[in-house]
Amino acid sequence: MPAQGHFSVSFERSGSAVSWRPESGTLLDLAEAEGIPIDSGCRAGQCGSCTISLVSGEIEYLGAIDQEPEGRCLACLAVPKSDLVINA
Ligand code: FES
């Protein structure tokens, strides 16, 4: 089940903090809406180009991913499960 609620997402490198809600979509969608650059490719959890470091907080995935990168996440499928700090 997709995440519920509102969480704060801090983008450490760009110094922005935004509020995430379910309609914000994935972390990649959220970053793009805020003009924060995150690489992307397949947008389907396969290529790994959207990998970002998770500084704190928990995420979940909206779909199946090939492999969960340790301490990092695939922004194209990840949504927050708590307030997050990410290195982007
Ligand atoms: S864009 Fe390919 S894994 Fe996220």
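# Exercises on a predicted model

In β7, leucine 84 is the bridge partner of valine 9. The model is a predicted one. The exercises start from this pair and work outwards.

## Exercise 1: around valine 9

Task: Find how β1 and β7 run relative to each other, parallel or antiparallel, and how many bridges join them.

Solution. Start at the pair itself: valine 9 bridges to leucine 84 in β7. Next, count the bridges. Three of them join β1 to β7. Last, take the direction: the two strands run parallel.

Task: Which residues does valine 9 contact, once neighbours within four places in sequence are left aside?

Solution. Take the partners in sequence order. Ala17, Val18 and Trp20 are among them. Leu27 and Leu30 follow. Pro80, Leu84 and Ile86 complete the list. Leu84 thus appears both as a contact and as the bridge partner.

## Exercise 2: two faces and a hairpin

Task: Sort the residues of β1 by face, covered or uncovered.

Solution. Side chains of a regular strand alternate between the two faces of the sheet. Apply this to β1. Phe7, Val9 and Phe11 form the covered face. Ser8 and Ser10 form the uncovered one.

Task: How many bridges join β1 to β2, and how do these strands run?

Solution. Five bridges join the two, and the strands run antiparallel. One position to look at is serine 8, which stands opposite serine 19 in β2. Now follow the chain between the strands. They form a hairpin with four residues between them. Glycine 15 sits in the turn, with a positive phi of about 70 degrees.

## Exercise 3: the sheet

Task: In what order do the five strands of the open sheet stand?

Solution. The order is β2-β1-β7-β3-β5. The pairing is mixed. Now look at the ends of that order. β2 (16-20) and β5 have a single partner strand each, so one side of each is left without a neighbour in the sheet. From one strand to the next, the twist averages 35 degrees.

## Exercise 4: the core

Task: Which residues have the most contacts inside the largest nonpolar core?

Solution. The core has 22 residues. Val9, Leu27, Ala31, Ala75 and Ala78 have the most contacts inside it. Then ask which elements supply it. β1 (7-11), α1 (27-33), β5 (72-74), β6 (78-80) and β7 (84-87) give at least two residues each. α1 gives the most, with four.

## Exercise 5: the loop between α1 and β3

Task: Is arginine 43 buried or partly exposed, and what is the sign of its phi?

Solution. Place the residue: arginine 43 lies in the loop between α1 and β3. Count its neighbours. There are 16 C-beta neighbours inside 10 Å, so arginine 43 counts as partly exposed. Burial would need 20 or more. Then check the backbone. Most residues other than glycine have a negative phi. Arginine 43 has a positive phi, near 55 degrees.

Task: Where does alanine 44 lie, and how many C-beta neighbours does it have inside 10 Å?

Solution. Alanine 44 is in the loop between α1 and β3 (51-56). It has 13 such neighbours, so it counts as partly exposed. Its C-alpha atom is separated by 9.8 Å from that of alanine 75, 31 residues apart along the chain.

## Exercise 6: the whole chain

Task: How many helices and strands are in the chain, and in what order do they run?

Solution. The chain has one helix and seven strands. From the N terminus, they run β-β-α-β-β-β-β-β. The radius of gyration is 11 Å, close to the 12 Å of the globule rule for 88 residues, so the chain is as compact as a globular protein of that length. Buried residues make up 28% of the 88. Turn to contacts with a separation of 6 or more: residues 24 or more positions apart account for 51% of them.

Methods: Residues are numbered from 1 along each chain as its sequence is written. This is a predicted model: local features need pLDDT of at least 70, side-chain atom pairs count only at pLDDT 80 or more; totals for chains, interfaces and linings use all residues. A nonpolar core is a set of buried Ala, Val, Leu, Ile, Met, Phe, Trp, Tyr and Cys residues joined through C-beta atoms within 7 Å. A residue is buried if 20 or more other C-beta atoms lie within 10 Å of its own, exposed if 12 or fewer, and partly exposed in between; C-beta atoms are placed from the backbone. Two residues are in contact if their C-beta atoms, placed from the backbone, lie within 7 Å. Two strands pair if DSSP finds at least two bridges between them. Axes are lines fitted to C-alpha atoms, for helices over the stretch in contact, and angles run from 0 to 180 degrees between N-to-C directions. The radius of gyration is taken over C-alpha atoms; the globule rule is 2.2 Å times the number of residues to the power 0.38.
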